Each structure stands twice: as structure tokens, then as C-alpha cells.
Amino acid sequence: PTSAQVSVAPHSGRFSYTLDNDVLSTEQRQFYEDNGYLLIRSLVSDQDIERFRKEFTRICKREVKPPGVMIMKDESRKSQFGQSESVVNKVQDFQEDEELFRYCTLPEILKYVECFTGPNIMAMHTMLINKLPDSDQQTFLHPMHQDLHYFPFRPASRIVCAWTAMERAHQDNGCLFVQPGTHRTALKPHGYPQWEGKTNKLFHGLLDEDEKIPKVHLVMEKGDTVFFHPLLIHGSGINRTSGFRKSISCHFASSECHYIDVKNTTQEHLEKELQEMVCKKYNATSVELKDMWNFRARLVQGERINL
């Protein structure tokens, strides 16, 4: 479904993070190589974004209940706003919602994804984030983190996130910010930041953040899409406006990636926390991190090999 002809042979010595393709210019490949992200303007149409927005509203109102979807809410707003988008801050794991999952299959998205993953593409992790107004509590400040912390599969260079702004994202409403070049570092230890009363479940952050590394705020218009490496250190600020800041995203991986055992690694405590949550929710006795990701993963292009 894409126009990209991507080589699955080892890439040339100059580029470590992209595969040879006819989509990215040499300048774009070099920018990603140096910085770990690439911003493509006006990639997703207004019509598609409106369709995603309508489906999100239907989920908030419980008009549809997609299997497997995780709906995260600010319970403190429930009494005031009821079942509405004013309460829901995230819809995660929407791989069984055909309307939202269309995002993961858009040819304009996949033609870029293929430049990083190769032709066999899995959608691994899906989210629609609705950053709520938050000027006082800072409830939805996401600390600096690396997404690979959550993923028990490798290699990291064959994983990429596509993150699309559903309306203008800027510093006032909590746009993404990144530390360019940090994708070339190792996976660092993560945990809950020392914020009194301001931590969210599974919103892990770096335990040792280097404040000297400059941050770049990604100001994006509706439909703009950023592709970034899972080791890139990034986060997002709070929404100081009265409106919402919506985005839709998917982490894609080559189906040729393989699962790893996270025991005795910095990811081991994450596995334990997720196991406790899943066992409690589904009344299960035991579950492995690999099994959780197998449940989430969905093929979008090519052949399913390992994941």
C-alpha cells in the first residue's frame, strides 16, 4: 500500500537509522541521523483528523466500546463534566477500533514508516492523547523519557513512532519537546519522578535527567507529523489553555524485530508493574510482558514474522 521501495539489505555505512528508500531526501535522512526525529508538515488530511476526532468523542460518550481499548480519565473532572472529552485524557490500545486504526494504515504515514522499519510493518502501540486544561495541578505533565523503556523488542533502530497533531500544538498547550541527538545514547533507568501528588500510573521518567542538553519544542499545525526514534529523550508540558490538545500516534516496528527477556535489566520493574495491573484487571494468575505486546500488535503491511 505504499510507494516506497525500501531495501531490506544492510544500509550504507553513512546511515544507521534509516533504510535506503526513494521517499526521504539525503538531507532528511541526515537530519534524522543527527537528531533522532523528522517533522513532516501537512501529512494527514483535515478530513481524516475530523473522522478520528468524531470517533474519539463517541468512545468518550460510550457510544462505542472497542475491545481491548484502555480509556484513561481525570476522575476529579467526572462530577463536573460526566462522560465527555472533558474527562478523558487518553485512549490507548485502539487496535481493535477500525476507525481509529485507519490512522496506522494511511498510505501517507506508511510510506515514511517503511523508511525506518522496512516493508514488514507491525503497529505495536496506539494512542489518542487529549491533553486536558491543566494549569494548576500539572496532572498531565509527561516527564522526559525514552519510549524504548516500555518496549521488550529490538532492535531499536527498526522501531519508529508516528505522532500527528490533531490541532495546533505549541508551548502553551503542551506540545512535545525533544532533546536532539539523544537517540544515540543507551536506554537509561526510568521510574516515577519525585513530584508530590503529581505522578500518573506508568508515566515513568528518567531518573537522572541531564538538564544541560538543550530541548527543542516541536510547534506543529494540524496534520503535521513527527517521526522519532524510541531512544530519543522527549516529553510534553502542561496545557495552560482552556482548550484541548489532541494528537494521535502509533509506534511501528519491523515484524522482523524480536522479543527480549527484560529480567535483570532496567525494564524489569516495569514488567512487574504491568503484570500486577493486568492480573488485577483480568483476574489472571500470571502474564508475561511478551504476551501483553503480542495482544496489542497488529500487522499493517507485509508479513508477520517474529512479533
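Which residue in β14 is the bridge partner of C161? Keep that in mind as we walk through this predicted model.

**Stop one: β14.** Select residues 245-254, which make up strand β14. Ten of the ten residues here are buried, so the strand is mostly covered under the cut-off of under 20% relative accessible area. Now show the side chains. R245, S247, S249, H251 and A253 point one way, while K246, I248, C250, F252 and S254 point the other way. In a regular strand, side chains alternate between the two faces of the sheet.

**Stop two: the partners of β14.** Add residues 121-131, strand β4, which runs antiparallel to β14 and is joined to it by ten bridges. Look for K131, standing opposite R245 of β14. Next add β7, residues 159-165, also antiparallel to β14 and joined to it by seven bridges. Here is the reply to the opening question: C161 has H251 as its bridge partner.

**Stop three: the largest nonpolar core.** This core has 40 residues, and Y103, C104, I109, F227 and F252 touch the most other members. Elements giving two or more residues to it include β4, β7 and β14, along with α4 (98-105) and α5 (107-117). The largest share comes from α5, with six residues.

**Stop four: I109.** Centre on I109 and leave aside its neighbours within four places in sequence. Its contacts are then L43, V44, Y103, A162, T164, T225, F227 and F252.

**Last stop: another core.** Apart from the largest core lies another, of 21 residues. To find it, select M124, I159, Y259 and A297, which are among its members.

Notes. Residues numbered from 1 in each chain as written. Predicted model: local features only at pLDDT ≥ 70, side-chain atom pairs only at ≥ 80, totals over all residues. Heavy atoms only, no water. Buried < 20%, exposed > 50% of the residue type's maximum accessible area, 1.4 Å probe, protein only. Helix = DSSP H or I, 4+ residues; strand = E, 2+ residues; numbered from the N terminus. Pairing = 2+ DSSP bridges. Core = buried A, V, L, I, M, F, W, Y, C linked by side-chain atoms within 4.5 Å. Contact = heavy atoms within 4.5 Å.
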